[in-house]
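Please examine the sequence and the three-dimensional structure shown below. A report on selected features of the model is requested.

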Amino acid sequence: MFTFIIRRLVQTIPVLIGVTILTFSMIHLVPGDPAQIMAGESASPQQVELMRERLGLNDPIPVQYFDYVSGVLQGDLGNSVRSGRAVSDEIAIRIRPTVELATMSTALSVFIGLIAGVLAAVRRNTFGDTFIMLVALFGLSMPNFWLGIMLIQYLAIGVDIFGFNTGIFAASGWGTWQQQVLPVITLGVAGAAIIARMTRSSMLEVIDQDYIRTARAKGVKERVVVYRHALKNAMIPVVTVVGLQFGSLLGGAVLTESVFAINGLGRFMIDAIRARDFPIMQGGVLVLAFMFVSVNIVVDILYRFLNKRIDLN
Amino acid sequence: MVKPTDILKEEPILEVRNLQTSFFTEKFEVKAVDGVNFAVPKGKTLGIVGESGSGKSITSLSILRLIQNPGKIIGGEILFKGENLLDKSEAQMRRVRGNEISMIFQEPMTSLNPVYTVGQQISESYRIHQNIGKKEAMLRSIDMLKLVGIPSPEQRVKQYPHELSGGMRQRVMIAMALACDPELLIADEPTTALDVTIQAQILELMKELQQRLGMSIVMITHDLGVVAETCDYVAVMYMGKVVEYAKVADLFKNPKHPYTVGLLNSLPRHDIDLGDEELTVIKGSVPSPDNMPKGCRFAPRCPFASEICVEQLPDLEQSEDGNQIRCWIYTDEWDGDPEVKVNG
Ligand SMILES: Nc1ncnc2c1ncn2[C@@H]1O[C@H](COP(=O)(O)OP(=O)(O)OP(=O)(O)O)[C@@H](O)[C@H]1O
Ligand SMILES: [Mg+2]
């Protein structure tokens, strides 16, 4: 297992090199002159030239790349064109809400998804199964910004029922639990639905296996058969989905961050793209890619931990 | 009607009376087990033979009440040490399973849970049925592996099923089944999936363990060679019914039912593997469950079938040598050739 982790870490080095090449080239691949774009349309030729010098765009490309990578390795991602502050500081402020939001909503999805999926599977083809799967389909097809707006409407702004106002949660920001509940639900619902469906089909496959019959023949309680013998096997394909989902939430919670006015990385990146703030875009993509790769490693380790049959060495 | 215990010289440990198990599919009811009778003598081995689909596995799963939807036990009695298992609660049944009656299965490759070690899976039996700790259970698991002839058991307990060969896995299954010292072991084609040399080893092991531990065995197989080697009594099943139930020596010396005779004639030589071809001596094939013959189930394939065979289902009756047979030829009602010689 230890050698596997080392090997897996070594494998990510080329991936990370590829990512730096990609983020480095971003600035050269967009049409137009990056110095002109960043200096602004009304900038004088001198200002543009100054910008070009500041960005090191006059050096040969390999030198530029080398400078870029050595900067990255020292934690220097350049400075924001708009604010002039270090990109790493700007990202550090915004990354916490994003990571927290992604973690909490993934945890919620896994918790609800697993329970719902198992319950549906053990009640296969009954009313309970159909009902759970219908709710899951609903959760899956509901756009999450709409869910966010509804939650704000009824649980943040609230309505009066018998003199009691249902607006118990906050509608914007990130920090207190009142602020966290609604965005976590908003982002977690779709994931819960996907995991529930995956878990159900995976459980149905596992529950008919011979080793489940063996467990029953041993005198194992049905509850233990389901949770100890079946679920552990059924989890194997689910883990991959959870990992992918978590990774995409890290970069893609833009809508939810906007609806709830959360100062997160997703929203920040969109703003940076709009403002052509290249250093922020580069830094943001790099950080996201790094987190995605890390999540993948964790998923691989978990997968291997669950599935004894694969031998990656 | 005859009682299944009538032919036993020994006390029965298990007696199955008129067991009926059906699967309720959308279109029709599949009577997988349709009034099965047999008894298992204490400390001895009963063989159950029959072609694929005759209901052997469903019979054995019914005994432990492990039939899953859409299957259902719809009638009969399963008397284990005099108590009807069909009257027991689910919790009481759990105390029987793996403790008093154990089972090993046809498919050693898939019958062990891939995500737990061999030791964890054997230990589980101890931890369920005998109130002992993890460490102690693991030690006993090692002893069990030693008993079933697995080399270096201390290492093996830590391995996962995929690290073991088919024969080793079946030994692990046997170790798991015998862990809590059951009085009855149901072995559902324990050697079918294994190659010939391993088959012989496993059968030898089971015989040896029976002598040492004194349990009774139900040996399910479609191989009459296995019956000859390991069983004391044998029930021949065809389409969910017992058609002949006899002492093993009698069955081989003087088979009575035309189906049994067909099976014996097609007995494969042990040195060649004919696979599924081995039963082609009996002409035709098993009718589909929606097209169940209304008389004797075997009539459409029977070379001796006469009018009464097609019209009416014969009962299981005692024959003159004390065995039991379900065939019109041996009754007074027989309307075919009075001189017919089934095994001539
Ligand atoms: N889940 C099910 N749904 C419908 N019918 C079933 C089901 N399981 C078994 N049966 C029916 O029960 C009959 C008996 O099956 P069983 O598995 O007991 O046969 P068997 O004698 O053990 O055969 P084999 O030698 O192949 O193991 C089969 O013919 C099949 O039609
Ligand atoms: Mg079978």
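The report below treats strands, helices, aromatic contacts, one loop residue and the contact between chains.

## Basis

This is a predicted model, in which local features need pLDDT of at least 70 and side-chain atom pairs count only at pLDDT 80 or more, whereas totals for chains, interfaces and linings use all residues. Residues are numbered from 1 along each chain as its sequence is written, chains are lettered from A and ligands numbered from 1 in the order in which they are written, and side-chain values use heavy atoms, with hydrogens and water left out.

## Strands of chain B

Helices (H or I, at least four residues) and strands (E, at least two) are DSSP runs, numbered from the N terminus. Two strands are taken to pair if DSSP finds at least two bridges between them. Strands of a sheet pair through backbone hydrogen bonds, in either the parallel or the antiparallel sense.

An open sheet of eight strands in chain B follows the order E6-E7-E8-E3-E9-E10-E12-E11, and its pairing is mixed. Its edge strands, each pairing on one side only, are E6 (101–104) and E11 (317–318) of chain B. Strand E7(B) runs parallel to E6(B) and also pairs in the parallel sense with E8(B). Two residues of E6(B) can be placed against E7(B): B:Met103 stands opposite B:Ile186, and B:Ser102 stands opposite B:Leu185. On the E8(B) side, the bridge partner of B:Leu185 is B:Ile217.

Is E7(B) mostly covered or mostly uncovered? The strand is mostly covered, with five of its five residues buried; buried means under 20% relative accessible area, exposed over 50%, and partly exposed in between (1.4 Å probe, protein chains only). B:Leu184, B:Ile186 and B:Asp188 point one way from E7(B), while B:Leu185 and B:Ala187 point the other way.

Strand E1(B) pairs with E2(B) and with E4(B), in the antiparallel sense in each case. A hairpin of four residues connects E1(B) to E2(B), and B:Phe24 stands opposite B:Glu29 in E2(B). In E4(B), B:Ile78 is the bridge partner of B:Val16.

The table lists these pairings in chain B.

| Strand | Partner | Sense | Bridges |
|---|---|---|---|
| E1(B), residues 12–24 | E2(B), residues 29–41 | antiparallel | 10 bridges |
| E1(B) | E4(B), residues 71–80 | antiparallel | eight bridges |
| E6(B) | E7(B), residues 184–188 | parallel | four bridges |
| E7(B) | E8(B), residues 216–221 | parallel | five bridges |

## Two helices of chain B

The expected span of a helix is 1.5 Å times one less than its number of residues. Helix H6(B), residues 166–178, has 13 residues and reaches 18 Å from its first C-alpha to its last, close to the 18 Å expected. Because 13 of its 13 residues are buried, H6(B) is largely enclosed by the rest of the structure.

Helix H3(B), residues 118–129, has 12 residues and reaches 18 Å between its end C-alpha atoms, close to the 16 Å expected. Nine of the 12 residues of H3(B) are buried, so this helix too is largely enclosed by the rest of the structure. Among the buried residues are B:Ile122, B:Tyr126 and B:His129.

## Aromatic and charged contacts

A pair of aromatic rings is described by the distance of the centres and the angle of the planes. Rings of Phe, Tyr and Trp (its six-membered ring) pair if their centres lie within 6.5 Å; planes under 30 degrees apart count as stacked, over 60 as edge-to-face and the rest as tilted. Over all chains the count comes to seven aromatic pairs. A:Phe169 and A:Trp177 form an edge-to-face pair, with ring centres 6.1 Å apart and planes at 80 degrees. A:Phe169 is buried at 17% relative accessibility, whereas A:Trp177 is exposed at 53%.

The rings of B:Tyr259 and B:Phe298 are also edge-to-face, with centres 5.2 Å apart and planes at 65 degrees. B:Tyr259 lies in H10(B) (residues 258–265) and B:Phe298 in the loop between H10 and H11 (307–311) of chain B, so the pair ties together parts that are 39 residues apart in sequence. Both B:Tyr259 and B:Phe298 are buried.

A charge sits over a ring if NZ of Lys or CZ of Arg is within 6 Å of the ring centre and within 35 degrees of the ring normal. The charged end of A:Arg94 sits over the ring of A:Phe268, 3.9 Å from its centre.

## A loop residue and the chain contact

B:Pro300 is found in the loop between H10 and H11 of chain B and is exposed, with a relative accessible area of 51%. Contact means heavy atoms within 4.5 Å. Leaving aside neighbours within four places in sequence, B:Pro300 is in contact with B:Lys283 and B:Pro293.

The contact between the chains takes 19 residues from chain A and 26 residues from chain B.
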